[in-house]
Amino acid sequence: MVEIPYGKRMKPRYVRFLIITVVGVALVAFALDVPWLLITLIVLGVLNTVVCVGALYVLTKQPHTVSDDELRLRQLGFFDWRIPTADLGPAQIAERTHKGQRSVEVIGDALVIQSLTRTNVSVPFHEPQLVDLGKTGVQRVERVEFWADEPEKAVREINARTT
């Protein structure tokens, strides 16, 4: 199994959120003398810190992967799709900007797993696939587009297992 990291673009954003949270809570703690408001802001700061640390952990420890049997695509802890490699066509580098509303959604005939509105790898399917995204229901897609930190390596590894 080969890892295909996808978090390089998102990690700095979460680190900034962490810094802003810590500095913001510290400044509020020194400036406010209203105990209930201070406690509320500290609790919210702690929750934000937990979310940011969790996102950083997932980005590091749960990358996309490809093996002889499957391509596994993830988006933080919210999306995990396993596609048999036998169903995949030849992968290619295809850098695109998307104007989607969600980090994982169907746009046209593609399942788009974007990183800050961008994808850079496109993989067609031999036959259309069904994907269930919950709220939007089951949809039919003919390819998947996703972000890889090293798209050349991702394409090379996927194609080594599909051709």
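This report walks through the strands, salt bridges, cavity and pocket of a predicted model.

## Strands 2, 3 and 4

A good place to start is strand 3, which spans residues 70-75. Strand 3 is mostly covered, with five of its six residues buried. On one side of the story is strand 2 (64-66). Strand 2 and strand 3 pair in the antiparallel sense, and two bridges connect them. Within this pairing, T65 stands opposite R72 in strand 3. The link from strand 2 to strand 3 is a hairpin of three residues.

Strand 3 also pairs with strand 4 (residues 79-84). These two run antiparallel and are joined by six bridges. Here R74 stands opposite D80 in strand 4. The hairpin of strand 3 and strand 4 has three residues between the strands, and in it L76 takes a positive phi near 50°.

As you follow these strands in the picture, a general point may help. In a regular strand, side chains alternate between the two faces of the sheet.

## Salt bridges between strand 3 and strand 4

Side chains of opposite charge can pair when their charged atoms come close. Across the whole structure, a search finds nine salt bridges.

Two of them are easy to find once you have located strand 3 and strand 4. In one, the side chains of R82 and E70 meet at 3.0 Å, N to O. R82 sits in strand 4 and E70 in strand 3, and the two are twelve residues apart. How exposed are these partners, R82 and E70? R82 is partly exposed, with a relative accessible area of 44%, and E70 is partly exposed too, with a value of 22%.

In the other, R74 forms a salt bridge with D80, and their closest N and O atoms are 4.0 Å apart. You have met this pair already, as R74 stands opposite D80 in strand 4. R74 has a relative accessible area of 10%, so R74 counts as buried. D80, at 41% relative accessibility, counts as partly exposed.

## A link to helix 3 and a network

Next, look at the loop between strand 2 and strand 3, where D68 is found. Which residue does the side chain of D68 meet in a salt bridge? The partner is R161, with a distance of 3.7 Å, N to O. This pair links distant parts of the chain, with R161 in helix 3 and the two positions 93 residues apart. D68 is exposed, with a relative accessible area of 61%, whereas R161 counts as partly exposed at 23%.

Some salt bridges share partners, and in this way R96, D109, R143 and E145 are joined into one network. One of these residues, E145, lies in strand 9 (residues 138-146). Is E145 buried or exposed? At 2% relative accessibility, E145 counts as buried. For a sense of where E145 is placed, compare its position with that of R82: their C-alpha atoms are separated by 14 Å, although the two positions lie 63 residues apart along the chain.

## The cavity

Now for the enclosed space. The count comes to one cavity of 30 Å³ or more, and the largest cavity has a volume of about 30 Å³. Its lining is made up of E3, I4, P5, E150, K153 and A154. The elements that give two or more residues to this lining are strand 1 (2-4) and helix 3 (151-162).

What kinds of residues line the largest cavity? Three are nonpolar, three are charged and none is polar. The lining also draws on two domains: at least three residues come from each of domain 1 (2-61) and domain 2 (83-160).

## The largest pocket

The last stop is the largest pocket, with a volume of about 410 Å³. Its lining has 20 residues, and the closest to its centre are Q75, F78, R102, S103 and V104. One of these, Q75, brings us back to strand 3, which covers residues 70-75.

How do the residues of this lining divide by type? Eight are nonpolar, eight are polar and four are charged.

Key:
Residues are numbered from 1 along each chain as its sequence is written. This is a predicted model: local features need pLDDT of at least 70, side-chain atom pairs count only at pLDDT 80 or more; totals for chains, interfaces and linings use all residues. Side-chain values use heavy atoms; hydrogens and water are left out. On a 1 Å grid over the protein atoms alone, a cavity is a set of points where a 1.4 Å probe fits but cannot get out, and a pocket is an open set with protein on both sides within 12 Å along at least five of seven lines; lining residues have an atom within 4 Å of a point. Grid points are joined across faces, edges and corners, and a volume is the space filled by probe spheres set on the points. Helices (H or I, at least four residues) and strands (E, at least two) are DSSP runs, numbered from the N terminus. Ala, Val, Leu, Ile, Met, Phe, Trp, Tyr, Cys and Pro count as nonpolar, Asp, Glu, Lys and Arg as charged, and the others, Gly among them, as polar. Domain bounds come from an automatic or database domain assignment. Buried means under 20% relative accessible area, exposed over 50%, partly exposed in between (1.4 Å probe, protein chains only). Two strands pair if DSSP finds at least two bridges between them.
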